[in-house]
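Here are a few short exercises to work through with the model open beside you. Try each task before reading its solution.

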Amino acid sequence: MSEHYGFDKIIGQDLAKRVLMKAVREQSPTHAYLFLGLQSTGKTTTAMEFGKALNCENPVDGNACGDCSICRAIDHGNFPDMRIWSPDGQNTKIDQMREMRDLARFGPTKGKWKINIVEQGDTLNDESANCILKLLEEPPAYLINILLFRNPGSMLPTIRSRCQMLRFTQVDAEQLRVRLVEDHGAGEEEAEFLAVYSQGCPGRAISLIRNNDFFDRRDEIIEVARIAASGSPWAALKIAGVLRTSSNDKGVRDTLLESLDMLVLWYRDLLAAKLQGDQVSVVNLDRIDEIKDQCRRYPHAGPLANAVDAILQAKRAILGNANGQIVTEALMMKLARG
Ligand SMILES: [Zn+2]
């Protein structure tokens, strides 16, 4: 494995890295950043690397040295001046943001900068967001707040206008493939598959390397699709529960969301194969023969396009806290009927 260090460990995101490294070199960060990008594109990792480089005693060309007492404290998770605020359940609570605001009055104890990283800013409600507005607007000189968002629609304009925004994009599959092998010890075939399957989200790809639970789970989901393709609503209904249950200890909701993500990728592959024939490029590239075989059972693309819509609709319903059993049973009936 090759040794990337500092910002170079982060895969892709060249623009964001350039901006942040310049701020480190010049010791001139702004006080409020907003990182916008899909889950697992490297927002938290980048924010932490930024906090580390800013506080490092001997930064090298915009990067943390990795060796001083501060770098080592951060690597071991016992640096008091950098804190990650994650949602408590499905929301970032007002009490958390009040605590963040109140603690901001105290300067850093070990480093030069005090860093707050707010994960999933999307989960701030108006009240929690308003609570930190003043902190973004008139921050103490030592304070840097980094807000991470997944969805541009969930950013309040009042927050957006007070922050410097950096976008985190999906990483090119070839670039990701190379780094999965070089930095993370993935096998060649595994890296090729995961680079495409993760849809350019490095954190997702890395978490799936040698992850047998994931590959077993995908087998189960593909089997669900195969049964739905057989066209028997009764058989489809019987297997609906598989979407909600798994052998690992994730909750029902997370299991279901993961199942629906796998299922939609499978149906998108079937749809692509139906439309593009032999020249198709698919996400589940190790299962191409099965994809071609299964899509032959559909006389035309219409039912497959409807299936993709139905799965996405089911996902939205689950995110809106609909009942998992009702949603999955209705979905399976739709998939079987075509
Ligand atoms: Zn250092």
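Helices here are DSSP runs of H or I with at least four residues, and strands are runs of E with at least two. Keep in mind that this is a predicted model.

**Exercise 1.** Take stock of the whole protein: how many helices and strands are there?

*Solution.* Start with the elements: the protein has 15 helices and five strands. Next, look at its extent, where the C-alpha trace spans about 65 × 45 × 35 Å along the principal axes. Then turn to burial: 40% of the 338 residues count as buried. Finally, consider the contacts with a separation of 6 or more, of which 72% join residues 24 or more positions apart.

**Exercise 2.** Compare the end-to-end reach of helix α1 with its expected span.

*Solution.* Helix α1 covers residues 14-25, which is 12 residues. The expected span is 1.5 Å times one less than the number of residues. From first C-alpha to last, α1 reaches 16 Å, close to the expected 16 Å.

**Exercise 3.** Work out which residues of α1 are buried and why they lie on the same side.

*Solution.* First list the buried set: Ala-16, Lys-17, Leu-20, Met-21 and Val-24. They share one side of α1 because their arc around the axis is only 125°. An α-helix has 3.6 residues a turn, so residues three or four places apart point the same way. Now flip to the face turned away from the buried side, where Asp-14, Leu-15 and Lys-22 are exposed.

**Exercise 4.** Find what covers the buried residues of α1, and check the residue that follows the helix.

*Solution.* The cover includes α2 (43-55) and β5 (164-168). After α1 comes Gln-27, with a positive phi near 45°.

Terms used. Residues numbered from 1 in each chain as written. Predicted model: local features only at pLDDT ≥ 70, side-chain atom pairs only at ≥ 80, totals over all residues. Buried ≥ 20, exposed ≤ 12 C-beta atoms within 10 Å, placed from the backbone. Contact = placed C-beta atoms within 7 Å. Arc of directions from axis to C-beta.
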